[in-house]
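Okay, thanks for squeezing me in. I'll put the model up and walk you through a few spots.

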Amino acid sequence: MTFQKIGVLGGGAWGTALAYTAHAAGRNVKLWALESSVAEALSAGRGNPDFLPDVPLPKIDATNDLAEMADCDALLAVVPAQFARGVFEKLQDVIPADMPIALCAKGVERGSLKLMTDVVKETLPKARVAVLSGPSFAKDVALGLPTAVTLACPDRDMGEVWMQSIGRPEFRPYWSDDLIGAEIGGAVKNVLAIATGAVEGLGLGRSAHAALISRGYAEMVRLGVAMGAKADTLSGLCGLGDLVLTCSSSQSRNMSFGKALGEGKSPEEILSSRKAVTEGVATAPGIVSLAEQYDVRMPVCRTVNAVLNESMSMDEAISVLLDRPFKAEIMR
Ligand SMILES: NC(=O)c1ccc[n+]([C@@H]2O[C@H](COP(=O)([O-])OP(=O)(O)OC[C@H]3O[C@@H](n4cnc5c(N)ncnc54)[C@H](O)[C@@H]3O)[C@@H](O)[C@H]2O)c1
Ligand SMILES: O=P(O)(O)OC[C@H](O)CO
């Protein structure tokens with residue numbers, strides 16, 4: 001069985017790429033974009049010059065009216081984490097209560113510290129929830145390059161329907177039952193990518209880069225396990241896989257943000273010059289608060305947050321990380 005009509009919430013780079021791959025998998029797709037100019041361009045077959053420039057795309061049926069999502073069989077929610085609640089609230093009286101929704105944003109809601117699964121539970125409590133996450137640059141997916149992701153869904157049958165609906169040789173979903181693991185992997189890797197970007201911008205070398213990925217992964221696993229995730233999930237596509245991708249390419253908005261920080265720019269300066277979302281910036285305080293709540297050590301994420309929100313200088317940040325006491329490598 002497959003969903004026949006898939007709705008995509010969000011006309012940014014990732015929403016556009018997912019709409020394209022669902023269309024290429026044979027689905028009837030309807031995309032909701034906040035900006036009418038994005039909806040018009042996609043519907044006219046002009047691609048998405050605002051958020052995914054220079055990628056030719058077929059016509060994608062798009063609207064900026066959320067009411068038009070009512071007759072979809074399932075939704076991919078691809079609105080950035082900080083805006084998801086507002087969009088879900090507007091859908092309360094629009095979509096069937098038990099709509100299958102796959103959450104695709106990678107972040108923690110600022111202030112509330114809520115994961116996207118919690119936000120959807122509070123706003124659309126009967127929705128049947130899945131999480132789609134993994135190493136996947138929107139441009140790669142929209143160009144039809146091979147990609148594999150985690151599709152987490154506690155209901156195995158529903159997970160199978162999702163995989164059959166959006167999977168194709170170039171876009172391979174792997175099922176998991178671990179919603180929290182899939183969410184934590186995506187949210188934490190964005191914060192860690194800022195740190196590895198800074199290491200690159202500061203010219204600290206490839207050895208430091210690898211050390212940071214490895215120690216950062218330990219932080220991701222510690223938090224995930226404390227929150228109920230399986231460590232195995234985090235060794236997969238949505239954890240280690242996405243961490244490696246995002247920390248290895250300036251194509252990543254989070255990594256390039258960190259690189260610019262390391263080169264001496266201020267967070268405000270960097271953010272004011274880009275339209276694309278940098279999820280790790282808004283998510284860093286949430287991850288640090290979750291670490292405190294669950295009593296988990298996350299020195300790299302804490303340091304990123306201190307640079308972003310507590311005026312810590314890059315020199316201090318390096319000292320804080322290098323002057324930590326020596327200890328056993330594996331310690332949960
Ligand atoms: N781009 C990627 O390669 C990629 C891959 C995987 C996951 N993601 C995740 O997908 C999510 C969306 O990222 P993206 O790359 O599509 O975004 P983007 O940077 O391309 O675009 C920003 C999006 O934010 C939307 N937006 C801005 N203000 C809004 C508001 N007030 N209400 C609702 N929407 C608003 C814009 O309409 C636009 O769709 C993020 O959580 C990101 O981490 C992105
Ligand atoms: O460009 P980024 O840093 O938002 O990363 C995009 C994707 O999450 C990579 O999997």
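So, F257: buried or exposed? It counts as buried, because 26 C-beta neighbours sit inside 10 Å of F257, and the bar for calling a residue buried is 20 or more. Keep in mind as we go that this is a predicted model. F257 is found in helix α11. Leaving aside its neighbours within four places in sequence, F257 is in contact with I194, G197, I270, T278 and V281. Take V281 from that list: F257 and V281 are 24 residues apart in sequence, and their C-alpha atoms are 9.0 Å apart in space.

V281 takes us to the next helix I want to show, α13. That one runs over residues 279–293, so to speak a stretch of 15 residues. From first C-alpha to last, α13 reaches 21 Å, close to the 21 Å expected at 1.5 Å a residue. Now, where is the kink in α13 centred? On P285, and the kink is about 30°.

How covered is α13? Mostly: eleven of its 15 residues are buried. The buried ones are E279, G280, V281, T283, A284, P285, G286, I287, V288, L290 and A291. Notice that P285, where the kink is centred, is on that buried list, and V281, the contact of F257, is on the list as well. What does the covering? The elements over the buried residues of α13 include α3 (81–91), α7 (179–201), α8 (206–226), α11 (253–262), α12 (267–272) and α14 (299–309). So α11, the helix that holds F257, is part of that cover.

Let's step along to α14. Here V300, C301, R302, T303, V304, N305 and V307 are buried. The cover over those buried residues of α14 includes α7, α8, α11, α13 and α15 (314–322). If you compare the two helices, α13 helps cover α14 and α14 helps cover α13.

A word on backbone angles, then. Most residues other than glycine have a negative phi. Just after α13, though, D295 takes a positive phi of about 55°, and D295 is not a glycine. D295 sits in the loop between α13 and α14. Is D295 buried or exposed? Exposed, because D295 has 8 C-beta neighbours inside 10 Å, and exposed means 12 or fewer. After α14 there's S311, and its phi is positive too, near 60°.

Another aspartate turns up with this feature: D54, with a positive phi of about 65° although it is not a glycine. D54 lies in the loop between α2 (36–43) and β3 (62–63). D54 is exposed, with 8 other C-beta atoms within 10 Å.

While we're in that loop, have a look at K59, which is also placed between α2 and β3. K59 counts as exposed because it has 12 other C-beta atoms within 10 Å, and the exposed class takes 12 or fewer. Not counting residues up to four places away in sequence, K59 touches S43 and G45. And K59 and G47, twelve residues apart along the chain, have their C-alpha atoms separated by 7.5 Å.

Now let's zoom out to the domains. UniProt, in an unreviewed entry, lists residues 5–157 as "Glycerol-3-phosphate dehydrogenase NAD-dependent N-terminal". That span is 30% helix and 21% strand, and its end C-alpha atoms lie 18 Å apart. The record also lists residues 178–318 as "Glycerol-3-phosphate dehydrogenase NAD-dependent C-terminal", again from an unreviewed entry. There we get 74% helix and 0% strand, with the end C-alpha atoms 34 Å apart.

The domain assignment draws its own bounds: domain 1 is 5–177 and domain 2 is 188–322. Taken over C-alpha atoms, the centres of domain 1 and domain 2 are separated by 25 Å. How many residues does each give to the contact? Domain 1 gives 21 residues and domain 2 gives 20 residues. On the domain 1 side, the elements that give two or more residues are α3, β7 (147–152) and β8 (171–176). The largest share there, three residues, comes from β7. By class, that side of domain 1 has eleven nonpolar, seven polar and three charged residues.

That's my tour, so over to you for questions.

Technical notes
Residues are numbered from 1 along each chain as its sequence is written. Chains are lettered from A and ligands numbered from 1 in the order in which they are written. This is a predicted model: local features need pLDDT of at least 70, side-chain atom pairs count only at pLDDT 80 or more; totals for chains, interfaces and linings use all residues. Helices (H or I, at least four residues) and strands (E, at least two) are DSSP runs, numbered from the N terminus. The expected span of a helix is 1.5 Å times one less than its number of residues. The bend at a residue is the angle between axes fitted to the seven residues ending there and the seven starting there. Two residues are in contact if their C-beta atoms, placed from the backbone, lie within 7 Å. UniProt positions are given in the numbering used here, feature names are shortened, and annotations may be inferred rather than shown by experiment. Domain bounds come from an automatic or database domain assignment. Ala, Val, Leu, Ile, Met, Phe, Trp, Tyr, Cys and Pro count as nonpolar, Asp, Glu, Lys and Arg as charged, and the others, Gly among them, as polar.
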